[in-house]
Amino acid sequence: MNALLFLALPYAAISLFVAVTVYRFRERPFTVSSLSSQLLERKRLYWGSIPFHWGVVLILLGHLTALLVPRGVIWWGAVPLRSWLLEGSGAALALWALVGLLVLLWRRASDPRVRAVSTGMDYVVLLLLVVQLASGLWTAASYRFGSMWFAGVMTPYLWSILTLRPRPELLVDMAWPIQLHVAGFFVLLAVFPFTRLVHILTLPLGYLVRPWQIVVWPRRARALRRRR
Amino acid sequence: MARAATGAELYDQHCAACHQAGGTGVPGVFPPLAGNAALADAEHVRSVIEKGLSGPLQVGGATFDGSMPPFGAQLGAAEVQSLADYLRSAWGNGFAGPSAGGGTAATPAASTPPAAPSTAPAAPAGDASVGHALFSGELRFRNGAPPCSACHAVQRESPLGGGSMGRDLTTAYDRMGQSTGLQGVLKTIAFPVMRQTFASHPLTDAEIADLVAYLRETASAAHAHGTAGADPARFGFNWIWLFAAVGAPLLFALLLIGWPRQRESASERLRRTGRVGRPRR
């Protein structure tokens, strides 16, 4: 079971993620989108999408930090109050994101216009994310301090997977909510290329490094306004 | 039956930390009690509980090299008896007959050596303040193991409590057989979760001595303040939920700043009024 969840699943998920994402970008480039439904419904989207996206992005950055600079995270946690601040902020963001996600789920299921453009996979993604946020929040609250032991256990585990020297045994004794959270991540990675999650890759980071542009209007705006 | 329940409670309290909740033990260090033939000898069981037992010893063909402290001082004769009865009948152990109350048939256990009085090796004197720094993570373990505080709490380390993945270690010094036992436990770390991580990142002897000194200090401080028996949950009101319950509504309140900009769109107005232009005043 351990080998299945934390050895076979990760590599199957990574393979699917890479292969199908490349295929989709090459063969179906115009489907790489989340197919926004903002035109169809905006109010509930505001209270769902913004909390969900900001919460999840910040939390993922936290996970990434622990993956890249585990020693820094452990240094931060050496003072318990700092651990509480970090974990408490993470929990607040997680609950914010989770409530936002439930708003999104409610909106998609109840608004007839949004429901009409929804696919089965949209619901699958939403439900998987509910499981992921709930198990993560539960882990943070019940198995403190996640930030610290992530650096000690999860960072070596994830690097062992990425460097092809897998050590799934690192997770064998973990409590089930934690195992659910880790396996859930790999499931999300596996369905990534088949769903609206691909829109993550369209983050326009290119704007940060592209050459600047001058925008030239044909008429000056102020003059236009005066004339009116 | 009431007696067996008492035995089960005693087991959870004193034995389960090492021998595990299901009596499965921990490979290499703490022998299993479920299906352990040595439990056939009631006198031997009582003797081990009272006087402790140090390895190496053989159980079921496997070798265990741990150190169990004597519990004779903490448990009364009746408690030792009910604990022994419980061990010999729990987890499918069929050693306790109907007359198990009074030290019955003693079958010598060939597989287990008799309880040897544990001869403590001269313990290197540890520095409790260094131990504290190692525990919290201020000082790194030389072989790269994560700090104790990642998963464990100690009373008064923080007013909010500490790590909760592992057990509260305030009185681990007493629970794990004081210096000798604790050294053994930390030398070959075999607890669930820890065994995987620490196998490749063992603690050095000096680090172990420092940690033992620190945990001795926390235990005696807890005794001095009369909090040794305190339920760890007393310190463990889960502040995480409070953070989340306060923080998430605040973050939602923050969204109100942008809400007025989410005014009615042209398409919404069109659907509502049937015309594109702004409604006439």
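Two helices of chain A, H2 (43–68) and H7 (146–162), each supply at least two residues of a nonpolar patch. The patch lies on the surface of the predicted model. Its members are A:Trp54, A:Val57, A:Leu58, A:Leu61, A:Leu64, A:Leu68, A:Val69, A:Trp159 and A:Leu162. Together they present about 870 Å² of accessible area. H2(A) gives the most, with six residues. A:Trp54 belongs to helix H2 of chain A. The relative accessible area of A:Trp54 is 53%, so this residue is classed as exposed; the cut-off for that class is over 50%.

Chain A as a whole is helical in its assigned secondary structure, with ten helices and zero strands. Along the sequence the pattern reads α-α-α-α-α-α-α-α-α-α. The C-alpha atoms of the chain fill a box of roughly 75 × 40 × 40 Å along the principal axes. Chain A has 228 residues, and 44% of them count as buried.

A:Val32 is a buried residue of this chain. Its position is in the loop between helix H1 (2–27) and H2 of chain A. The relative accessible area of A:Val32 is 13%. Buried means under 20%, so A:Val32 falls in that class. A:Val32 is also one half of a pair set apart in sequence: A:Pro193 is 161 residues away along the chain. In space, the C-alpha to C-alpha distance between A:Val32 and A:Pro193 is 8.9 Å.

Chain B combines ten helices with four strands. Its elements follow the order α-α-β-β-β-β-α-α-α-α-α-α-α-α. The four strands thus come after two helices in the pattern. Of the 281 residues in chain B, 46% are buried.

Internal space was examined next. Rolling a probe the size of a water molecule over the atoms shows where empty space is left. The structure holds one cavity of 30 Å³ or more. The volume of this largest cavity is about 460 Å³. It is lined by 33 residues, and those closest to its centre are B:His19, B:Pro31, B:Leu33, B:Val48 and B:Met68. Several elements of chain B each supply at least two lining residues. The helices are H1 (2–19), H2 (42–51) and H3 (77–89). The strands are E1 (53–54), E2 (57–59) and E4 (67–68). H1(B) provides the largest share of the lining, six residues. By class, the lining of the largest cavity comprises 23 nonpolar, nine polar and one charged residues.

The second largest pocket holds about 850 Å³ of space. Its lining numbers 39 residues. Closest to the centre of this pocket are B:His152, B:Gly166, B:Arg167, B:Phe191 and B:Met194. Both chains contribute to the lining. From chain A, helix H7 supplies at least two residues; H7 of chain A also supplies at least two residues of the nonpolar patch. From chain B, H1, H5 (172–175), H6 (178–187), H7 (194–199) and H8 (205–224) each supply at least two. H1 of chain B therefore takes part in the lining of this pocket and gives six residues to the lining of the largest cavity. The pocket lining divides into 32 nonpolar, four polar and three charged residues.

Conventions. Residues numbered from 1 in each chain as written. Chains lettered and ligands numbered in written order. Predicted model: local features only at pLDDT ≥ 70, side-chain atom pairs only at ≥ 80, totals over all residues. Heavy atoms only, no water. 1 Å grid on protein atoms, 1.4 Å probe; cavity = no way out; pocket = protein on both sides within 12 Å on 5 of 7 lines; lining within 4 Å. Points joined across faces, edges and corners; volume = space filled by probe spheres on them. Nonpolar A, V, L, I, M, F, W, Y, C, P; charged D, E, K, R; others polar. Patch = residues over 30% accessible without salt bridge, like charges linked within 9 Å, V, L, I, M, F, W, Y side chains within 5 Å. Areas by Shrake-Rupley, 256 points an atom, 1.4 Å probe, with all protein chains shown as cover. Salt bridge = Lys/Arg side-chain N within 4 Å of Asp/Glu carboxyl O. Buried < 20%, exposed > 50% of the residue type's maximum accessible area, 1.4 Å probe, protein only.
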